[in-house]
Amino acid sequence: MGRSRRTLPEELLLLALDPTTGTTAQPQSLDLGLAGAQLVELALAGRIAPDGDRIAVVVPRPTGDPTLDSALELLRRRGAPVRAVHWIGGPRLGLRQTYLSHLERCGMVHAVAGQMCGVLPTTRYQATDTAISREIRSRLDSAIRTGVPPDPRTAALAALAHAVGLGKHLYPGNEGRSSRSRLRDLIRHDPMGGLVAHAVMDVQNGAAAGPRRGPAQPAPRQVGRPEPGGMPLQARHGPMARVAAH
């Protein structure tokens, strides 16, 4: 996979990065979204494919992206297709920080050290090239505004943005209600993105530990679900841990 194109986890993270505060919106659900975005990126690269509500490795060849290849290898070691909800709900400690550090190395964000309450060290991140973030945002805006079916990558990005609750961050208030609704509806334009997005929402709703569904009983679409992001997962780090783009 060439590095001339940004991956979906990178785009999702840039979309969530607040240019004013330097923090990421919906940090806990975003961690789940990044794990899901890795699955979609691997599917777009032809390395995995959906098998009912499960994910199967079809081509174990590395992509050339170390973080994606680590996920691909973990999937390969499973030996059998894994439920998307179980994969996304598994431990993903440090995934957000891994991508933030990667974006910093690429010169796309700049780390700013600080303190919380004058004691706890924090790191906030400012985009160094706002044109990139604007381009990502404009793709979503265009798909919402025109109603033209977007390309699979943009459709998957929209699905993940909705799943992690970024709709309220991107289109706030009552005036953004219709845009948030159309953002949710873009899920239907990419089957893999839809599968992963619903798995992300299922994990947030506590469905990861539920009974397994057979291939003939995929998870329902449940278009009427409340907007995600309102039930954040508990932070996995202790209070004295380094706070990075919280």
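# A walk through the model, starting at Ile187

Start by selecting Ile187: at 5% relative accessibility, it counts as buried, because the limit for that label is under 20%. Keep in mind as you click around that this is a predicted model. Ile187 sits in the loop linking α9 (177-185) and α10 (191-204). Now add Thr154 to the selection and draw a distance between the C-alpha atoms: Ile187 and Thr154 are 33 residues apart along the chain, and the separation is 10.0 Å.

**Zoom out**

Switch to a cartoon of the whole protein. What does the secondary structure come to? You should find 10 helices and six strands. Color by burial next: of the 246 residues, 46% are buried. Turn on the surface and you are looking at about 11700 Å² of accessible area, with 55% of that belonging to carbon and sulfur atoms. For a contact map, take the contacts between residues at least 6 apart in sequence; 70% of these join residues at least 24 apart.

**The three-stranded sheet**

Next, select β1, β2 and β3. They make an open sheet in the order β1-β2-β3, and the pairing is antiparallel. Which strands are at the edges? Those are β1 (48-51) and β3 (82-83), each of them pairing on one side only. As background for what you see on screen, strands of a sheet pair through backbone hydrogen bonds, either parallel or antiparallel.

Look at the β1 side. β1 and β2 run antiparallel and are joined by four bridges. Two pairs to label here: Ala49 has Ala56 in β2 as its bridge partner, and Asp51 is partnered with Arg54 of β2. The two strands form a hairpin with two residues between them, and Gly52 in that turn has a positive phi of about 70°.

Stay on Arg54 and move over to the other side of β2 (residues 54-57). Here β2 pairs with β3 in the antiparallel sense, over two bridges. Arg54 has Arg83 as its bridge partner in β3, while Ile55 stands opposite Val82 of that strand.

**Helices packed on α7**

Hide the sheet and show helix α7 (residues 152-163) with helix α1 (residues 8-16). Their axes come within 10 Å and cross at roughly 50°. α1 and α7 are therefore oblique to each other. The handedness of this crossing is right-handed. To see the contact, show side chains for Leu8, Glu11, Leu12 and Leu15 on α1, and for Arg153, Ala156, Leu157, Leu160 and Ala161 on α7.

Now swap α1 for helix α2 (residues 27-44). α2 and α7 pack at an angle of about 165°, and their axes are 10 Å apart. That makes α2 roughly antiparallel to α7, because an angle over 145 degrees earns that description. Is the crossing of α2 and α7 right-handed or left-handed? It is right-handed. The α2 residues to display are Gly33, Gly36, Ala37, Val40, Glu41 and Leu44, which meet Pro152, Arg153, Ala156 and Leu160 of α7.

Bring α1 back and keep both contacts on screen. Arg153, Ala156 and Leu160 are among the α7 residues listed for the contact with α1, and they turn up again in the contact with α2.

**The loop between α1 and α2**

Two stops remain, both in one loop. Select Thr23, placed between α1 and α2. At 12% relative accessibility, Thr23 counts as buried. Then pick Tyr125 as well: Thr23 and Tyr125 are 102 residues apart in sequence, yet their C-alpha atoms lie 6.5 Å apart in space.

Finish on Gln26, which also belongs to the loop between α1 and α2. At 23% relative accessibility, Gln26 counts as partly exposed. Put Gln26 on a Ramachandran plot, and phi comes out near 50°, a positive value in a residue other than glycine. For context, most residues other than glycine have a negative phi.

Technical notes
Residues numbered from 1 in each chain as written. Predicted model: local features only at pLDDT ≥ 70, side-chain atom pairs only at ≥ 80, totals over all residues. Heavy atoms only, no water. Buried < 20%, exposed > 50% of the residue type's maximum accessible area, 1.4 Å probe, protein only. Contact = heavy atoms within 4.5 Å. Areas by Shrake-Rupley, 256 points an atom, 1.4 Å probe, with all protein chains shown as cover. Pairing = 2+ DSSP bridges. Axes fitted to C-alpha atoms, helices over the stretch in contact; angles between N-to-C directions. Parallel < 35°, antiparallel > 145°, perpendicular 65-115°, else oblique. Left-handed = near helix turned anticlockwise from the far one by under 90°.
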